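Let's take a walk through this model, with an eye on charged side chains and on where the chains meet. Have the viewer open and follow along.

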Amino acid sequence: MRNIGLVIRHEIKTTLSRRSFWLLTVLFPAMVIVATAIPQWLAGDALDEANVLQAAQQSLAHIGYVDEAGIVKALPPGIPPDTVVAYPDEASAQAALEAGELDQYFVIVPDFLESGRVVAVSEQFNVFSGLNGAELVKYLVSYNLVDRPEVVGLLLDPTPKETRVALAPRPPRDEDNPFTFFVPFAAMFVLFFVISMTAGYMLRSVTQEKENRTVEVLLLSLSPRQLMVGKVLGLGVVALVQMAVWMGGGLLAMDRARLVTQIPEHIQLTPGFVILTLVYFVLGYLLYASALGALGALAPNVREGTQFTFIIILPLLLPFWLNTAFVSNPDGGVALVLSLIPLTAPTSMVARLAATQVPTWQVAVSLGGLLITTYGFVVMAARFFRPDTLLTSTSLSLRRILREARG
Amino acid sequence: MSEPTVSLQHLSKRFGDVQAVSDVSFEVYPGEIFGLLGPNGAGKTTTIRMMLDIFRPDRGEVRVFGGTLDEQAKERIGYMPEERGLYKDQKLEPTLIYLATLKGMAEATARERLYEWLHRLDLYEHRHKKVQDLSRGMQQKAQIIATLIHEPDLIVVDEPFSGLDPVNTRLVKDIMEEQRQAGKTIIMSTHQMYQVEALCNRIVLINRGRVVLYGEVEEIKRRFSAHALVIEGQGDFSNLPGVLDMRRQNGAYHVALAPHVDAQTVLRALAAREDVFIERFELAEPSLEDIFVMVVQREGDDA
């Protein structure tokens with residue numbers, strides 16, 4: 001027991017003293033949020049009439065259009081006349097663009113009503129911009145295609161004031177509140193990255209000890225299973241530290257920005273949610289740390305080990321890719337199935353728990369399956385942790401992994 | 001003789017289709033430096049791992065300190081595997097403290113004793129450096145500290161002089177001799193035969209997983225003395241009958257003969273040749289290296 005304690009302490013000290021750990025802990029979430037969340041948020045807002053007008057009014061950009069189809073009779077009210085300028089032909093629009101008077105221009109082709117084709121011309125296109133001149137042109141065309149101005153808004157957003165009535169007594173979802181998207185996404189994000197990163201540390205820790213032959217010295221003081229237990233528990237503590245930094249940091253930032261009160265009623269951040277998140281985290285971590293630890297026990301070096309990491313982490317990543325399914329319809333079929341499958345449950349169920357009220361039976365089935373699977377993975381990893389596997393330099397292959405897994 | 005510290009009886013170990021060790025037996029006693037010798041892949045490391053309870057033998061019995069190895073007994077062993085064995089990307093001091101505490105030492109005692117060793121092996125100034133930033137010789141000395149810091153009664157070292165300059169080689173030899181005089185049991189595996197001759201009382205030579213030589217160094221050398229010659233003279237001494245190995249040293253040829261060939265056969269062959277002029281022809285005590293080559297080559301021929 002004393003030696004397991006020493007391994008735990010060693011793993012914690014070693015990992016927390018790495019600069020790369022703190023860099024990842026601080027920088028990585030910021031990068032992912034910028035790369036994933038903000039464009040989605042902007043894209044979600046893009047077709048809203050008020051946003052289009054507001055952006056047009058605030059914009060310093062100037063766009064031009066050449067109406068070869070002859071459908072534009074007037075500019076919609078609210079759009080400053082110098083923001084959207086008509087040109088008689090493409091040559092004059094191109095000259096204006098080259099002279100720097102325009103940022104981009106659009107050609108509404110003669111057969112627009114049949115083909116729906118509009119050509120956008122610009123110096124360059126920014127793929128990350130969620131809102132650009134195209135939205136203004138859509139608005140302009142819509143306005144001129146219908147007789148009644150109030151219909152234009154409905155064309156852009158057909159159900160602006162949808163009222164949902166649920167038969168089950170649960171708070172209605174506020175789709176316009178950004179936290180409806182952000183909180184489940186953040187919960188999934190934290191679970192995914194903490195589990196995958198710390199499970200990755202497990203792989204690295206095992207393979208490095210194999211590579212530098214320290215394991216041969218350690219095996220004189222520890223059994224392979226004691227070594228595995230020490231590593232799993234030590235890196236589990238590291239994972240908790242990372243989760244505390246991310247969740248605590250997130251809540252603190254929201255609190256400072258006085259955003260906590262804006263979290264809508266249907267988002268369930270109750271003590272029950274926190275406890276269940278912890279349970280899913282612990283089981284998910286044990287499952288994936290065991291899997292990657294077992295991989296490390298077989299791999300002769302870090303490089304060969306990491307080649308298979310993606311395959312193992314894939315089920316955990318899947319809900320992350322399909323995050324819109326959890327945000328837009330957390331009670332839907334995709335979200336339900338993924339939250340019940342043990343390998344995808346840790347991230348999926350936590351996202352659902354943050355987004356909606358999950359029926360108790362679903363939580364029970366999900367947890368039961370996850371518990372049994374985690375137990376199976378821990379037992380399998382313990383079988384992989386043997387002196388002969390830890391001391392061999394045999395190359396890693398899928399066939400070898402499957403042979404070992406079968407015992 | 002006292003109770004052996006290590007007693008291996010008829011050990012065998014197979015990995016898949018490969019019989020790594022077959023029927024290996026030997027004993028090692030307190031106060032001796034014992035040479036565990038053999039060519040690469042002979043089964044030395046597997047034998048050491050079975051001795052240290054890292055591998056379970058398929059057959060045979062291992063007794064260390066008079067019984068089977070339990071946790072307390074393992075803390076009385078210092079083991080230095082060949083090369084490496086330290087965390088490359090971690091600093092020297094915490095690495096050595098961690099390994100010492102795993103051997104049952106309190107951290108404060110470990111640190112106190114570590115500083116003594118670091119001073120002695122001239123590593124104190126480097127204690128805050130990462131292991132990978134130390135020279136190969138320094139890493140080797142750090143490994144020796146990791147092996148000895150908890151004052152083990154049984155010391156198992158694999159290539160202890162690897163990467164050391166002559167000054168540090170002398171230092172490590174002195175430490176080994178010191179440990180032997182303190183009554184510790186030392187098992188040393190190395191390919192540096194002159195170090196074995198200088199340090200070891202007894203040896204075992206393993207080849208292809210089997211013991212092919214076992215006993216006192218002097219007795220083994222006597223046993224092979226009829227099969228070693230020193231020849232000096234002019235001319236071409238190649239193509240002599242029954243010669244396993246011949247090397248030139250200080251103007252003389254040191255010749256190792258095959259077991260079925262005696263010196264008279266070689267002398268008669270030389271006398272019959274007109275292209276050589278003999279100035280010196282004498283029976284020699286073979287070096288351990290000659291014996292090693294002789295035995296391993298003979299085994300190869302028999303296979």
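Below, we go from overall confidence to chain B, then to its salt bridges, and finally to the contact between the chains.

Keep in mind that this is a predicted model. Its scores are ipTM 0.81 and pTM 0.71. For chain B, the mean pLDDT comes out at 88, with 97% of the residues at 70 or more.

Let's start with how chain B is divided up. The domain assignment splits off domain 1, made of 6–65 + 153–220, and domain 2, covering 228–285. Taken over C-alpha atoms, the centres of domain 1 and domain 2 of chain B are 33 Å apart.

Now for the charges. Side chains of opposite charge can pair when their charged atoms come close. Over all chains, the count is 24 salt bridges, and a few of those in chain B are worth a look.

Try Arg63(B) and Glu61(B) to begin with: they form a salt bridge whose closest N and O atoms are 3.6 Å apart. How accessible are Arg63(B) and Glu61(B)? Arg63(B) has a relative accessibility of 34%, so it counts as partly exposed. Glu61(B), at 40% relative accessible area, is partly exposed too.

Next, zoom in on Arg127(B) and Glu93(B). Here the closest N and O atoms of the salt bridge are 3.5 Å apart. Arg127(B) sits in the loop between helix 4 (107–120) and helix 5 (136–148) of chain B, while Glu93(B) belongs to helix 3 (residues 92–102), so the pair ties together parts that are 34 residues apart in sequence. Are these two residues, Arg127(B) and Glu93(B), buried or exposed? Both of them are buried.

A third pair is Arg280(B) with Glu232(B), a salt bridge with its closest N and O atoms 2.7 Å apart. This pair links distant parts of the chain: Arg280(B) is in strand 13 (residues 276–283) of chain B and Glu232(B) in strand 10 (residues 228–235), 48 residues apart. Arg280(B) is partly exposed, with 29% relative accessible area. Glu232(B) is also partly exposed, at 23% relative accessibility. Elsewhere, salt bridges that share partners join Arg9(A), Glu93(B), Glu107(B), Arg111(B) and Arg127(B) into one network, and this brings chain A into the story.

So what does the contact between the chains look like? On the chain A side, 25 residues are in contact with 26 residues of chain B. The size of an interface is often given as the accessible area lost when the parts come together. Chain A and chain B bury about 2,400 Å² between them, and 54% of that is on carbon and sulfur atoms. Of the area that chain A buries against chain B, 27% is supplied by Arg213(A), Glu216(A) and Leu220(A), more than by any other three residues.

There is polar pairing here as well. Between chain A and chain B the count is 3 salt bridges. Take Glu216(A) again: it forms a salt bridge with Arg49(B), with the closest N and O atoms 2.8 Å apart. The polar contacts between chain A and chain B come to 8 residue pairs, counting those with both residues at pLDDT 80 or more. Which elements of chain A give two or more residues to the side that touches chain B? They are helix 1 (2–16), helix 8 (178–211), helix 9 (214–218) and helix 18 (387–390) of chain A. Helix 1 of chain A gives the most, with 7 residues.

Key:
Residues numbered from 1 in each chain as written. Chains lettered and ligands numbered in written order. Heavy atoms only, no water. pLDDT = per-residue confidence, 0-100. Domains from an automatic or database assignment. Salt bridge = Lys/Arg side-chain N within 4 Å of Asp/Glu carboxyl O. Buried < 20%, exposed > 50% of the residue type's maximum accessible area, 1.4 Å probe, protein only. Helix = DSSP H or I, 4+ residues; strand = E, 2+ residues; numbered from the N terminus. Contact = heavy atoms within 4.5 Å. Buried area = accessible area lost by both parts, 1.4 Å probe. Polar contact = N/O pair within 3.5 Å; in protein donor to acceptor, adjacent residues only side chain to side chain.
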